[in-house]
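Morning, everyone. I have one structure to walk through today. Please have the sequence and the model open.

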Amino acid sequence: MGAWDSVPWFTEGGAEHSSEVARLLAYAAFGGAEGVVGATDLQVKALAAPAAAVQVLPGACAITNRAAAATYQSYAARLPTADEVPIAATGNAARSDLIVARIENPYSYGETWPQPGDAKVGPYVYTRIISGVPKTTTSVRQIRSADSAITLARVDLPPNTASVTQAMIKDLRSMVRPRRDRRLHTAFPTTLSRLVYSDERWRAWPAEARWDIAVPEWATRVKIVTTIAGLRLSFANVFADMQHVFGTIKGQDTVIDDDQGNGVRRNTVVIADNLYLPAAVRGTTQNLHLQTLISRAEAGDVGVDGATSIVTDVEFVESPDSSEV
């Protein structure tokens, strides 16, 4: 018959709690996920003067315990100051190295790591270089599936190279508990508003598609999807472009290419973007609107009216941010 781990977290009276139960608590706190805690944590950067090394910037992370028979266990680790790690030079052939944060705990059941220099202070967590991995490698799981480790970056070194530049570093971090915030914004025009060809310049239109949006301080990207149902097309074949403008950030063009003649007809248009948010934008309020360009003099016009609905889905996302900090 099996038995409980007899001291649950937390029991008074001087009870001794096992490391497994403590790691269970961390696992539950992280929701069973692993990765960096903050968007800028543990970035791998080239040195200011490129050399045969990289630096891992300060931060914190969650790492799942993958030792044999370990279930529902996580480590919480932090790097309080930048860690500089050497990268070997290449010879006549290119090489890819994976950079990971790895727990090396010889006391966890089934692990074979060497004993630390001091059992009290370890160390038990390291930045490690796994050299000579396939250039397609994106996770330590692909090459060392039993390691209690998370992937930080891959360095792709050309032949005969002794210095690592930022262009050689591929950021591969993931976040343990990324935050998200999603809201819908709607507009329903009541009177006819038409946009006709004028001077091949962008116009903020339709006027109803405009909102002031508060950007969370933690957001690194914003996903915007706008659906215009019942867009009115008339007078001739329409050839136009529409795009989002978020503050000063412009999204991708969506082309409206209509070959249905000169009658009044309706169409549904979807404009979608996944935009990076610079640090200066986070924690501010930005205006979101649509702008439209009719690019041919012979083109028909577009319009919105009481039969038009405009729905904009705005989702802020926290993801690893590799911008300068």
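Let me start with a question: is Asp-199 buried, partly exposed or exposed? Partly exposed, with a relative accessible area of 33%. Keep in mind that this is a predicted model.

Asp-199 has a charged partner. Its side chain meets that of Arg-201 in a salt bridge, 4.0 Å from N to O. Arg-201 is exposed, at a relative accessible area of 57%. The cut-off for exposed is over 50%, so Arg-201 falls in that class.

Now the full tally. The count of salt bridges comes to 19. I will pick out a few.

Take Asp-305 and Arg-266. Their side chains form a salt bridge at 2.8 Å, N to O. This pair links distant parts of the chain, 39 residues apart. Asp-305 sits in the loop between strand 21, residues 301–304, and strand 22, residues 309–317. Arg-266 belongs to strand 19, residues 265–276. Asp-305 counts as buried, at 12% relative accessibility. Arg-266 counts as partly exposed, at 39%.

Next pair: Arg-128 and Glu-104. Again a salt bridge between side chains, 2.8 Å from N to O. Here, too, distant parts of the chain are linked, 24 residues apart. Arg-128 is in strand 8, residues 125–131. Glu-104 is in the loop between strand 7 and strand 8. Glu-104 is buried, with a relative accessible area of 7%. Arg-128 is partly exposed, at 26%.

That pair is part of something wider. Which residues are linked with them in a network of salt bridges? Arg-102, Arg-144 and Asp-147 join Glu-104 and Arg-128 there.

Let's stay on Arg-102. It lies in strand 7, residues 95–103. It is buried, with a relative accessible area of 9%. Under 20% is the cut-off for buried, so Arg-102 qualifies. Its side chain makes a polar contact with the side chain of Glu-104, at 3.0 Å. What else touches Arg-102, leaving aside neighbours within four places in sequence? The contacts include Trp-113, Tyr-124, Val-125 and Tyr-126. Arg-128, Arg-144 and Asp-147 are also among them. So are Ser-148 and Ala-149.

On to the sheets. One is an open sheet of three strands, in the order 1-4-5, with antiparallel pairing. Strand 1, residues 35–36, and strand 5, residues 74–79, stand at its edges. Each has a single partner strand, so one side of each is left without a neighbour in the sheet. Strand 1 pairs with strand 4, residues 59–64, over two bridges. Within that pairing, Val-36 stands opposite Cys-61.

Now strand 14, residues 210–214. Which residues are on its covered face? Trp-211 and Ile-213. The uncovered face has Arg-210, Asp-212 and Ala-214. In a regular strand, side chains alternate between the two faces of the sheet. Strand 14 runs antiparallel to strand 20, residues 285–294, and five bridges join the two. Asp-212 stands opposite Asn-287 in strand 20.

Last stop, the surface. Trp-9, Phe-10 and Leu-25 form a nonpolar patch there. Together they have about 350 Å² of accessible area. Trp-9 is found in the segment before helix 1, residues 19–29. Trp-9 is partly exposed, at a relative accessible area of 45%.

That's my tour. Over to you for questions.

How values were computed
Residues are numbered from 1 along each chain as its sequence is written. This is a predicted model: local features need pLDDT of at least 70, side-chain atom pairs count only at pLDDT 80 or more; totals for chains, interfaces and linings use all residues. Side-chain values use heavy atoms; hydrogens and water are left out. Two strands pair if DSSP finds at least two bridges between them. Helices (H or I, at least four residues) and strands (E, at least two) are DSSP runs, numbered from the N terminus. Patches are made of residues with over 30% relative accessible area and no salt bridge: like charges are joined within 9 Å, nonpolar side chains (Val, Leu, Ile, Met, Phe, Trp, Tyr) within 5 Å. Accessible areas come from the Shrake-Rupley method with a 1.4 Å probe; for residues, only the protein chains shown count as cover. Buried means under 20% relative accessible area, exposed over 50%, partly exposed in between (1.4 Å probe, protein chains only). A polar contact is a pair of N or O atoms within 3.5 Å; within protein, one must be able to donate a hydrogen and the other to accept it, and residues adjacent in sequence count only if both atoms are side-chain atoms. Contact means heavy atoms within 4.5 Å.
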